[in-house]
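Me: I'm new to this structure and would like a close look at one part of it. Could you pick up from a single residue and walk me outwards from there?

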Amino acid sequence: MIQLTTATAIEKAITKARTVKPRVRVNCFGSYTVTNKATGATYTVTCEKRDGKRFAHCSCRAGELGRACYHVAAAVAAHIQLATEQAAH
Ligand SMILES: [Zn+2]
């Protein structure tokens, strides 16, 4: 589990996500499949809110060790966009 505090905490991962530009597929609200287009590797990222805190989990090795990986950064960006769209309805 990776706790999402501020954007600064996952800034490095965000920068990497911008470079790698992985494809993010929405499975459902809070669940995303992130694909590295170069290697074809896919990871599942889940986002959830617990006690008002946001957490994310990624199925990759770094994610399982609790490190913010770029998959999480990419999925969180999609998640925030989705949440914003839902709030607008
Ligand atoms: Zn990951």
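Reply: Let's start with Ser31, which sits in strand 3. Keep in mind that this is a predicted model. Is Ser31 buried or exposed? Ser31 has a relative accessibility of 14%, so it counts as buried, the cut-off being under 20%. If you skip the neighbours within four places in sequence, Ser31 touches Arg25, Val26, Thr44, Val45 and Thr46.

Now look at the rest of strand 3. How many of its five residues are buried? Five of the five are, so the strand is mostly covered. Ser31, Thr33 and Thr35 point one way from strand 3, while Tyr32 and Val34 point the other way. Whichever way they point, all of these residues are buried.

Strand 3 has a partner on either hand, so let's take them in turn. With strand 2, strand 3 pairs in the antiparallel sense over five bridges. One spot to find there is Arg25, which stands opposite Thr33. The two strands make a hairpin with two residues between them, and Gly30 in this hairpin takes a positive phi near 100°.

On the other hand is strand 4, again antiparallel to strand 3 and again joined to it over five bridges. Here Val34 faces Tyr43 of strand 4. This pair of strands is a hairpin too, with six residues between the strands. Gly40, in that turn, has a positive phi of about 80°.

Zoom out a little and you can see the whole sheet. Five strands make up an open sheet with antiparallel pairing, in the order 1-5-4-3-2. Which strands stand at the edges? Strand 1 (2-4) and strand 2 (23-28) do: each has a single partner strand, so one side of each is left without a neighbour in the sheet. On average, and ignoring direction, neighbouring strands in this sheet are turned by 30° against each other.

Over at the strand 1 end, three bridges join strand 1 to strand 5 (residues 53-58), and the two run antiparallel. Ile2 is the residue that stands opposite Ala56 in strand 5. Helix 3 (residues 70-88) packs on the sheet and touches strand 1, strand 2, strand 3 (31-35), strand 4 (42-50) and strand 5. The direction of helix 3 makes about 55° with that of strand 4.

That brings us to the nonpolar core. The largest one has 19 residues, and Leu4, Val45, Cys58 and Val72 touch the most other members. You've met Val45 already, as one of the contacts of Ser31. Strand 1, helix 1 (11-20), strand 3, strand 4, strand 5 and helix 3 each supply at least two residues of this core. Which element gives the largest share? Helix 3 does, with six residues. Val72 makes a nice stop here: leaving out neighbours within four places in sequence, it is in contact with Ile2, Leu4, Val45, Ala56 and Cys58.

Cys58 has another role to look at, because there is a zinc ion in the model and Cys58 is one of the residues coordinating it. The zinc ion is held through the SG atoms of Cys58, Cys60 and Cys69 and the ND1 atom of His71, at 1.9 to 2.3 Å. The angles among the four donor atoms are 107 to 113°, and the site is tetrahedral. Along the sequence, the donor residues follow the spacing C-x1-C-x8-C-x1-H. Cys58 has 0% relative accessibility and counts as buried, and Cys60 is buried as well, with a relative accessible area of 6%.

Back on helix 3, have a look at Gln86. Gln86 is partly exposed, at 46% relative accessible area. Its C-alpha atom is separated by 9.8 Å from that of Phe29, 57 residues away along the chain.

Two loop residues round off the tour. Most residues other than glycine have a negative phi. Lys21, in the loop between helix 1 and strand 2, instead has a positive phi near 50°. Asp51, in the loop between strand 4 and strand 5, also has a positive phi, of about 50°, although it is not a glycine. Are these two residues buried or exposed? Lys21 counts as exposed at 54% relative accessibility, and Asp51 counts as exposed at 77%.

Terms used:
Residues are numbered from 1 along each chain as its sequence is written. This is a predicted model: local features need pLDDT of at least 70, side-chain atom pairs count only at pLDDT 80 or more; totals for chains, interfaces and linings use all residues. Side-chain values use heavy atoms; hydrogens and water are left out. Donors are N, O and S atoms within 2.8 Å of the metal (3.2 Å for Na, K and Ca); water is not among the atoms, so sites may look incomplete. Four donors count as tetrahedral if all angles lie between 85 and 135 degrees; four count as square planar and six as octahedral if opposite donors are over 155 degrees apart and all others between 65 and 115; anything else is irregular. Buried means under 20% relative accessible area, exposed over 50%, partly exposed in between (1.4 Å probe, protein chains only). Two strands pair if DSSP finds at least two bridges between them. Helices (H or I, at least four residues) and strands (E, at least two) are DSSP runs, numbered from the N terminus. Axes are lines fitted to C-alpha atoms, for helices over the stretch in contact, and angles run from 0 to 180 degrees between N-to-C directions. Contact means heavy atoms within 4.5 Å. A nonpolar core is a set of buried Ala, Val, Leu, Ile, Met, Phe, Trp, Tyr and Cys residues joined through side-chain atoms within 4.5 Å.
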